[in-house]
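Okay, thanks for coming, everyone. I'll take a few minutes to walk you through one chain, so have a look at it first.

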Amino acid sequence: MEVLGQGLVLMLAGMGIVYVFLSILIVVTKCTMGIVARFDSILPQEAPKKAPAAKKAATDDDANIALAIAVALG
């Protein structure tokens, strides 16, 4: 019965340590977000540039691919 009590104490201590660690992690993450947001105006990120969409003409390759898919499924 003594071993069961020690196991219970060890389990509660381990769960408590994990809970405290995760709580500290959440607080540090929120503080870091605030700091980064404050200094974000110094080095603003550029918006990603979209590549112009290339116009693709239907070729015989498209017909061959469609035929191959139809044969594979049929």
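Let me start with the bookkeeping: helices (H or I, at least four residues) and strands (E, at least two) are DSSP runs, numbered from the N terminus. This is a predicted model, where local features need pLDDT of at least 70 and side-chain atom pairs count only at pLDDT 80 or more, while totals for chains, interfaces and linings use all residues. Residues are numbered from 1 along each chain as its sequence is written, and side-chain values use heavy atoms, with hydrogens and water left out.

So, what do we have? The chain has 2 helices and 0 strands. Its C-alpha atoms fill a box of roughly 80 × 50 × 10 Å along the principal axes. The radius of gyration is 30 Å, where a compact globule of 74 residues would come in near 11 Å. That radius is taken over C-alpha atoms, and the globule rule is 2.2 Å times the number of residues to the power 0.38.

How much of the chain is buried? Buried residues are 0% of the 74. By buried I mean under 20% relative accessible area; exposed is over 50%, and partly exposed is in between (1.4 Å probe, protein chains only).

On to helix α1, residues 2-38, which holds Leu8. Leu8 counts as partly exposed because its relative accessibility is 46%. Further along α1 we find Phe21, and that one is exposed, at 53%. From Phe21 to Cys31 you go 10 residues in sequence and 15 Å in space, C-alpha to C-alpha. Ala37 is in α1 too, and with a relative accessible area of 54% Ala37 is exposed.

Now jump from Ala37 to Leu67: 30 residues apart in sequence, but 54 Å apart in space, again C-alpha to C-alpha.

Last, helix α2, residues 60-73. Its 14 residues should span 20 Å at 1.5 Å a residue, and the end C-alpha atoms are indeed 20 Å apart. The expected span here is 1.5 Å times one less than the number of residues. Is α2 buried or in the open? The number of buried residues in α2 is 0, so it lies largely in the open.
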